[in-house]
Amino acid sequence: MGATSSSGDFERPSDGHTATLYYFGGRGLADQIRWMLAATNVDFCQKLVSSRDKFLELAGSQLPFGQLPLLQIDNMDIVQSQAAVRYLARRAHLQGRSAQEVLKCDMIAEAVRDLLSLLTSATFRKYGGPGSADGSINAEEWAVHFKLMKEKWAFAGGRFEAIMKHNLSELYPSTPRTASDVEAMLSRGDVEVHMVGGSLTYADVLVAHVTTWMVEECGTGAVSDFPLLVTLQNQVISLPGVKKFIKSKNFFPLGDRAYVEQVNTVLGR
């Protein structure tokens with residue numbers, strides 16, 4: 001389950017677009033899907049689910065697990081964010097070029113998902129408590145969450161950096177391995193960096209996405225020790241579809257108190 005055909009009295013995709021994405025008016029679990037759509041040059045529109053009635057209507061007909069996001073593409077309704085991400089990867093041949101590469105991409109995607117849960121909950125930790133009823137942040141809860149994000153990212157970012165460095169050494173066996181040599185090579189634009197193999201995969205897109213979001217939450221110091229991650233991030237952001245997406249209304253800023261209230265209202269919390 002997870003993909004159903006669009007038929008009957010169900011919500012229809014928007015005309016003139018290849019894909020339609022249903023979600024709240026913010027990033028959340030839909031944001032990876034947005035980045036994948038953009039990276040694979042899929043023209044899409046968003047239908048915001050901003051009322052409880054609309055959510056219940058969708059849940060009763062097109063959300064078999066009662067959860068958003070919902071992606072309509074290729075005459076299918078796809079639910080569960082990771083299923084949608086992997087479908088888009090296969091659709092654009094970004095899942096890896098061999099069984100081993102596919103496995104590596106999937107493992108990296110799972111590692112990214114662990115980080116993403118911290119980011120998607122960050123807004124709710126910051127604005128969701130009783131201390132934020134007047135619009136100020138819930139300082140105590142946010143401080144604990146912020147510290148946890150930085151700790152988890154320090155480990156995961158280091159692992160991503162090491163994976164890319166190892167991948168470079170496999171692709172270019174003669175590449176010097178000192179940090180200064182690698183940085184010099186990157187500054188000359190001699191090579192691209194990738195998480196898996198020698199070309200773009202969906203693992204690159206997901207890692208660039210989570211890196212960008214983490215920098216927005218924690219500051220540029222989050223990547224000061226990870227030059228390969230910065231290079232990968234810039235490569236993905238420079239993709240024509242992603243560059244266009246970031247400048248469009250489909251790109252949401254970090255969440256605020258209004259987003260928290262919207263999600264709580266829609267979900268009946």
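## Cavities

A cavity here is a set of grid points where a 1.4 Å probe fits but cannot get out. With that in hand, this predicted model holds 2 cavities of 30 Å³ or more.

The largest cavity takes in about 60 Å³ of space. Its lining is made up of Arg27, Gly28, Leu119, Thr120, Thr123, Trp213, Pro253, Leu254, Gly255 and Tyr259. By class, that works out as 5 nonpolar residues, 4 polar and 1 charged. Helix H4, running over residues 99-127, gives the most to this lining, with 3 residues.

## The chain as a whole

Stepping back, the chain has 10 helices and 5 strands. It counts 269 residues, and 48% of them are buried. About 12,900 Å² of the chain is exposed, with carbon and sulfur atoms supplying 53% of that area.

As for contacts, take the ones between residues at least 6 apart in sequence: 73% of these join residues at least 24 apart.

## The largest pocket

Now for the open spaces. The largest pocket has a volume of about 580 Å³. It is lined by 24 residues, and the closest to its centre are Tyr23, Leu29, Gln67, Leu68 and Thr120. Thr120 also turns up in the lining of the largest cavity.

Three elements give two or more residues to the lining of the largest pocket: helix H3 (81-91), H4 and helix H10 (257-266). H4 has the largest share, at 8 residues. Sorted by class, the lining of this pocket comes to 11 nonpolar, 9 polar and 4 charged residues.

## The second largest pocket

The second largest pocket holds about 450 Å³ of space. Of its 21 lining residues, Lys104, Ile108, Phe160, Ile163 and Met195 sit closest to the centre. Here the elements that give two or more residues are H4 and helix H5 (139-171). The class split for the second largest pocket is 11 nonpolar, 4 polar and 6 charged.

So H4 keeps coming back: it gives the most to the lining of the largest cavity, has the largest share in the largest pocket, and is one of the elements giving two or more residues to the second largest pocket.

## Two buried residues

Glu217 is a residue of helix H7. It counts as buried because its relative accessibility is 11%, and the cut-off for buried is under 20%. Leaving aside neighbours within four places in sequence, Glu217 is in contact with Leu119, Ala122, Lys126, Trp142, Phe146, Met149 and Leu254. Two of those partners, Leu119 and Leu254, are also listed in the lining of the largest cavity.

Ala222 has its place in the loop between helix H7 (202-218) and helix H8 (227-237). Despite being in a loop, Ala222 is buried, since its relative accessible area is 14%. Ala222 and Lys150 are 72 residues apart in sequence, yet their C-alpha atoms are 7.5 Å apart in space.

## A hairpin

Last stop, the strands. S4 (residues 70-73) and S5 (residues 76-79) pair in the antiparallel sense, over 4 bridges. Within that pairing, Leu70 stands opposite Val79 of S5.

The two strands, S4 and S5, form a hairpin, and 2 residues lie between them. One residue to look at in the turn is Asp74, which has a positive phi of about 50 degrees.

How values were computed
Residues are numbered from 1 along each chain as its sequence is written. This is a predicted model: local features need pLDDT of at least 70, side-chain atom pairs count only at pLDDT 80 or more; totals for chains, interfaces and linings use all residues. Side-chain values use heavy atoms; hydrogens and water are left out. Two strands pair if DSSP finds at least two bridges between them. Buried means under 20% relative accessible area, exposed over 50%, partly exposed in between (1.4 Å probe, protein chains only). Contact means heavy atoms within 4.5 Å. Accessible areas come from the Shrake-Rupley method with a 1.4 Å probe; for residues, only the protein chains shown count as cover. On a 1 Å grid over the protein atoms alone, a cavity is a set of points where a 1.4 Å probe fits but cannot get out, and a pocket is an open set with protein on both sides within 12 Å along at least five of seven lines; lining residues have an atom within 4 Å of a point. Grid points are joined across faces, edges and corners, and a volume is the space filled by probe spheres set on the points. Ala, Val, Leu, Ile, Met, Phe, Trp, Tyr, Cys and Pro count as nonpolar, Asp, Glu, Lys and Arg as charged, and the others, Gly among them, as polar.
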